[in-house]
Amino acid sequence: MSQPLSDHDRQNELKACLDAGWSLVEGRDAIFKSYKFRSFIEAFSWMSAVALCAEKMNHHPEWFNVYSRVDVTLSTHDVGGLSLLDITLAQKMDDLAK
């Protein structure tokens, strides 16, 4: 089972995500990022790749897609906030978007 981010992880791992363009969600222990792709097919292909990673991790994003934009919110429901699962999935999403 996951655990909430420790203070150390917030200062290091979470900071790395924030430096990579993720932002904290107001009123919630979650992070958010909006990805912009060149087309719907590119956005959907990225979402499909992320879905395979998320399924393997058993950690699924909250996301919203309109044409070439995908808005993502990550939080671990089991712990009521951010965990290392969110950090790992955020990093995988960023890697796949390159």
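Select Lys36 first: this residue is found in strand E2. In this predicted model, Lys36 is exposed, because its relative accessible area of 64% is over the 50% cut-off. Add Thr73 to the selection and draw a line between the two C-alpha atoms. Lys36 and Thr73 are 37 residues apart along the chain, and their C-alpha atoms are separated by 15 Å.

**Strand E2**

Extend the selection to the whole of E2, residues 31–36. Which residues make up the covered face of E2, and which the uncovered one? Ile31, Lys33 and Tyr35 form the covered face. The uncovered face consists of Phe32, Ser34 and Lys36, the last being the exposed residue of the opening stop. In a regular strand, side chains alternate between the two faces of the sheet.

**From E2 to E1**

Now select strand E1, residues 23–24. E1 and E2 run antiparallel and are joined by two bridges. Show both pairs: Leu24 has Ile31 as its bridge partner in E2, and Ser23 has Phe32. Ile31 belongs to the covered face of E2 and Phe32 to the uncovered one.

Follow the backbone through the hairpin of E1 and E2, where six residues lie between the strands. Stop at Gly27, which takes a positive phi near 75 degrees.

**From E2 to E4**

Return to E2 and add strand E4, residues 69–74. How many bridges pair E2 with E4? There are six, in the antiparallel sense. Ile31 is a convenient anchor here: in E4 it stands opposite Leu74, while in E1 its bridge partner is Leu24.

**The whole sheet**

Select the four strands together. They form an open sheet with antiparallel pairing, in the order E1-E2-E4-E3. E1 and E3 stand at the edges with a single partner strand each, so one side of each has no neighbour in the sheet. Strands of a sheet pair through backbone hydrogen bonds, in either a parallel or an antiparallel arrangement.

**Two loops with positive phi**

Next, colour the backbone by phi. Most residues other than glycine have a negative phi. Two residues to pick out against that background are Asn58 and Tyr67.

Asn58 is found in the loop between helix H2 (40–57) and strand E3 (62–66). Its phi is positive, at about 55 degrees, although Asn58 is not a glycine. Is Asn58 buried or exposed? Asn58 counts as exposed, because its relative accessibility is 61%.

Move along to the loop between E3 and E4, which holds Tyr67. Phi of Tyr67 is positive as well, near 45 degrees, and this residue is not a glycine either. With 51% relative accessibility, Tyr67 counts as exposed; the cut-off is over 50%.

**Thr76 and its contacts**

Continue past E4 to Thr76, in the loop between E4 and H3. Thr76 is buried, because its relative accessible area is 3%, and buried means under 20%. What does Thr76 touch, leaving aside residues up to four places away in sequence? Show Ser2, His59, Gly81, Ser83, Leu85 and Asp86.

**Helix H3**

Select helix H3, residues 84–97, and find Gln91 within it. Gln91 is partly exposed, with a relative accessible area of 33%. Add Ala20, which is 71 residues away from Gln91 along the chain. The C-alpha atoms of this pair are separated by 8.9 Å.

**Zooming out**

Clear the selection and show the full chain. There are three helices and four strands, and along the sequence they follow the pattern α-β-β-α-β-β-α. The C-alpha atoms fill a box of roughly 40 × 25 × 25 Å along the principal axes. For 98 residues, a compact globule would have a radius of gyration near 13 Å, and the chain agrees with its 13 Å.

Colour by accessibility: 37% of the 98 residues count as buried. The accessible surface comes to about 5,900 Å², with 54% of it belonging to carbon and sulfur atoms.

Then show the charged side chains. The chain has 10 positive and 14 negative ones, and the centres of the two sets lie 8 Å apart.

Finish with a contact map. Among contacts between residues at least 6 apart in sequence, 64% join residues at least 24 apart.

Terms used
Residues are numbered from 1 along each chain as its sequence is written. This is a predicted model: local features need pLDDT of at least 70, side-chain atom pairs count only at pLDDT 80 or more; totals for chains, interfaces and linings use all residues. Side-chain values use heavy atoms; hydrogens and water are left out. The radius of gyration is taken over C-alpha atoms; the globule rule is 2.2 Å times the number of residues to the power 0.38. Buried means under 20% relative accessible area, exposed over 50%, partly exposed in between (1.4 Å probe, protein chains only). Contact means heavy atoms within 4.5 Å. Accessible areas come from the Shrake-Rupley method with a 1.4 Å probe; for residues, only the protein chains shown count as cover. Lys and Arg count as positive and Asp and Glu as negative; His and the chain ends are not counted. The place of a charge is taken as NZ of Lys, CZ of Arg, CG of Asp or CD of Glu. Two strands pair if DSSP finds at least two bridges between them.
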